[in-house]
Every structure is written in C-alpha cells, then in structure tokens.
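Open the model in your viewer and keep the selection tool at hand. Each stop below names what to pick next and what is found there.

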Amino acid sequence: MALTMALRQQPKPQRTLLQELGSATAIYENRRDLGRMFERFSEHASEELARMDQLLSRCEHEVEYADRHHIRILHIQDEENYPTRLAQCEDAPLLLYTLGTTDLNVQRIISIVGTRRCSERGRDLCHALVRGIAEQCSDALIVSGLAYGIDVASHRAALECGLPTIGVLAHGLDEIYPRTHRPTAIEMLKRGGLVTEFMSHTPIDKVNFLQRNRIVAGLADAVVIVESPARGGSLNTARLAGDYHREVFAFPGRPTDTTSEGCNLLIRRNGATLITSPSDLLTDMGWKKMEPHENENPAPQQTTLFPELSSEEQAVVDVLSQADSDISMSELAHTLALLIHRVTPLMLSLEMKGVIKVLPGGRCHVFGQ
C-alpha cells in the first residue's frame, strides 16, 4: 500500500521495482538507496519512496477498514487469487480491493462499455448482447464501470439474465459514484461484486476514471463497445484492450448516429471487429455451442509431438490440442500462466513452423484438429 501511495499513478515503475527487488519489503528496506541502485530512477521518485515509512500509519488504518467491512485485498504476487489476465498487463495495479462473491479468474470474462449518454437502441443492444451470452455461456462474467449509460445497462442486464457482474470503480469502496447506482451495486454484491485499485476515502478525480479503464480492459478476454461518440473513455478502453492483445468488438451505427461515431471509427481503422449480434461475438471467441449434428463426428485430436519444438512451444500445442475449440492468445496466456508478451513470439514461431494457424479474430488453431 505504501508503495502504491508513494508512486501514485505510476503502475509501471511500481511493478518494475517489485520485479527487480522481489518484494515490497525489500523496496522499503532499500528505499533510500534506490536512486543509486537504478540509473534511470528519477530524483523525485527516490524522494517519494524515501518517505514510505510516513505512509505506513495510513496503510494500517486501511487494513483495519478492510477487515471491518469484509473487503478482500488482493496483491499481484498472490497467484491464486489475483486475476491472472490482469497480471499479464505490465501496468497492472499492485493491489486490488474487492467486495462480493465472484472469482476474477473464471473461464470467460467479457467487458462491455460505452457512452454515458446512450440511446434507447444502445440499451436494447446491450440487453440483447448479454441475454445471448447468458444463453450460450451461463458461466460468463460481465465487467463494466458502473457509470451512467451503457455501463450500468450492462450490469442490470447481467443481473436480469442471471450472470455474475463486476463493477470496476474509480474510487474507494467506501462510496458509490454515481449515488443513484447504489441499489444496483448492492444487488451486484450478491452475484458478482465491486473492484477498485483505490483506497477508501480517495477523492473522486477525473484522471482516476481513465486509470481504471486499464482494469476494465485487462480483466477480460474480450471488450465490446456498444455505443461511443468520436471522443470518450470507451475508445481509451478499446485502445488499451488492443495493447493487451484482447479481442475488441464494436456494434456499428448509422452514419448520422453521433453516439456511434467512435464505434464506426474503430471498425474503419481495424481497431475493433464489427458485430451485429451476440452470435457474432460468441462465434469469433469460439464460445458458441455447437448443434448436436456438429458433434456427431468430431475431428481426431492432434496427438503427434513435434520434436523440433521447444518445451514452451510444446506446452502451447498441448493446451490448444486439449481445448474444446480454438482459443485466443489471452486465454492461452491465462491457461499457461504466462505474460502475453511471452506468448506472442511463441505463436509466431509455431505459425512459421506450420504447426498452428492464427484465425480471424485472433483465435489459435492447431493443424490436425
């Protein structure tokens, strides 16, 4: 906690230090020498870290607050409970504060975001999308930001359709913003929950909403933009999702729809795959249930070992061969417990060797299946 407070809004340097020294305790113990230990470490950062001991009292109060209110604190080195998809992202928060019941490492996670000033069509699209997901993937988790418009429509649709849903907040768990969404948030705690990287009593600040978008993108296998103007937080989330090698989808709008200008722009620039229905999303993600006749004569599973493969490449092939359907690189990284930047070169090498093929939508297929 003291580390995140000392290097506020600097998640990459926080994580770099943690990886280099192994623990926050080691960082604390060497806090006055970090400037000499790391050449490119700024003088300002060194000064901030040198005063970590002054922050410990505030952090102790936060632990007490969390205990009183049954808030779970997940740290990035907790491989069992911290969301592994998010841990793949180099700017993932070191700490998450969570309320609720849902496992953040379920098999399928979809983030749905969009404009705060959504149209009735946008709400209808959102509900139809969630309903279609529920019919095909009853174990899917819906993530959004509990904001006005598409965000809260996604949460409410998930609750109505019986899917768990997580709200990623841009403030501490001591309050809900906007306050009108408090009843929805309380209902979400029964089937889903709330997640934030911010300590209690954190002032509501515009920059925090942009910062939380990376969690919305990083938690999920796929991000869907339902409606977005030409400028907005949803486009920021889509960009982050692309950087994290997540699948990005967008519903198109008419040329005259100002609420869909951003979606149309994403699609035109290949920043998102066009979808018009839940079926499009589920098919591209490989999550659509096959009809009975499609399963009557399943193709033989690939069992041949490739002697020219490295152990890591063979591990990739084994996962793809054992999967029920083609899977994405983010799912593959999640299964192998590898960072996404480690998986990408492995996929390129395997594709060059003719072992796999990367399909449209980023799905990975093993030849022979």
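Start with L146. Look for L146 in the loop between β4 and α9. The model is predicted. L146 has a phi near 60°, a positive value in a residue other than glycine. Is L146 buried or exposed? L146 has a relative accessible area of 0%, so it is buried.

**The sheet**

Now show the strands. Nine of them form an open sheet with mixed pairing. Trace the order across the sheet: β1-β2-β6-β5-β4-β3-β7-β8-β9. At the edges sit β1 (72-75) and β9 (273-274), each of which pairs on one side only.

Zoom in on β1. Its pairing with β2 (residues 95-100) is antiparallel and spans four bridges. Pick L74 and look across to β2: the bridge partner there is L96.

**Inside the sheet: β3**

Select β3 (109-113). Which way do its side chains point? I109, S111 and V113 point one way, I110 and I112 the other way, and all are buried. That makes five buried residues out of five, and β3 is mostly covered. In a regular strand, side chains alternate between the two faces of the sheet.

Add β4 (141-144) to the selection. β3 and β4 run parallel and are joined by three bridges. Within this pair, I110 stands opposite I142 of β4.

**Helices on the sheet**

Bring in α9, residues 150-161. This helix lies across β3, β4 and β5 (165-168). Its direction is at about 160° to β4. Next, add α14, residues 278-285. Which strands does α14 touch as it packs on the sheet? They are β3, β7 (222-225), β8 (247-250) and β9. Against β8, the direction of α14 makes an angle of about 165°.

**A helix pair: α8 and α14**

Keep α14 on screen and select α8, residues 120-136. Two packed helices are described by the angle between their axes and the distance between the axes. For α8 and α14, the axes come within 8 Å and cross at roughly 45°. An angle of roughly 45° lies between the cut-offs of 35 degrees for roughly parallel and 65 for roughly perpendicular. The two helices are therefore oblique to each other. The crossing of α8 past α14 is right-handed.

Display the side chains at this contact. From α8, pick A128, L129, G132, I133 and Q136. From α14, pick P278, L281 and L282. By class, six of the contact residues are nonpolar, two are polar and none is charged.

**D221**

Move to the loop between α11 (206-218) and β7, where D221 is found. D221 counts as buried because its relative accessibility is 0%, against a cut-off of under 20%. What surrounds D221? Beyond neighbours within four places in sequence, its contacts are R85, Q107, R108, I109, R246, E247, M285, W287, S330 and E331. I109 belongs to the β3 set you have already displayed.

**H334**

Now select α16, residues 329-336, and pick H334 within it. Leaving aside neighbours within four places in sequence, H334 is in contact with T84, R85, Q88, N105 and V106. R85 also appears among the contacts of D221. For a distance check, pick R254. R254 is 80 residues from H334 along the chain, and their C-alpha atoms are 37 Å apart.

**D326**

Step to the loop between α15 (311-322) and β10 (327-328) and select D326. At 25% relative accessibility, D326 counts as partly exposed. Not counting residues up to four places away in sequence, D326 touches M285, G286, L359, R363, C364 and H365. M285 is also one of the contacts of D221. Then pick L346, 20 residues from D326 along the chain. The C-alpha atoms of D326 and L346 are separated by 16 Å.

**Two backbone stops**

First, go to P178, in the loop between β5 and α10 (182-190). What kind of peptide bond joins Y177 and P178? The bond is cis, with omega about -5°.

Finish at Q9, in the loop between α1 (2-6) and α2 (11-21). Q9 has a phi near 60°, a positive value in a residue other than glycine. With a relative accessibility of 34%, Q9 counts as partly exposed.

Key:
Residues numbered from 1 in each chain as written. Predicted model: local features only at pLDDT ≥ 70, side-chain atom pairs only at ≥ 80, totals over all residues. Heavy atoms only, no water. Buried < 20%, exposed > 50% of the residue type's maximum accessible area, 1.4 Å probe, protein only. Contact = heavy atoms within 4.5 Å. Pairing = 2+ DSSP bridges. Axes fitted to C-alpha atoms, helices over the stretch in contact; angles between N-to-C directions. Parallel < 35°, antiparallel > 145°, perpendicular 65-115°, else oblique. Left-handed = near helix turned anticlockwise from the far one by under 90°. Nonpolar A, V, L, I, M, F, W, Y, C, P; charged D, E, K, R; others polar.
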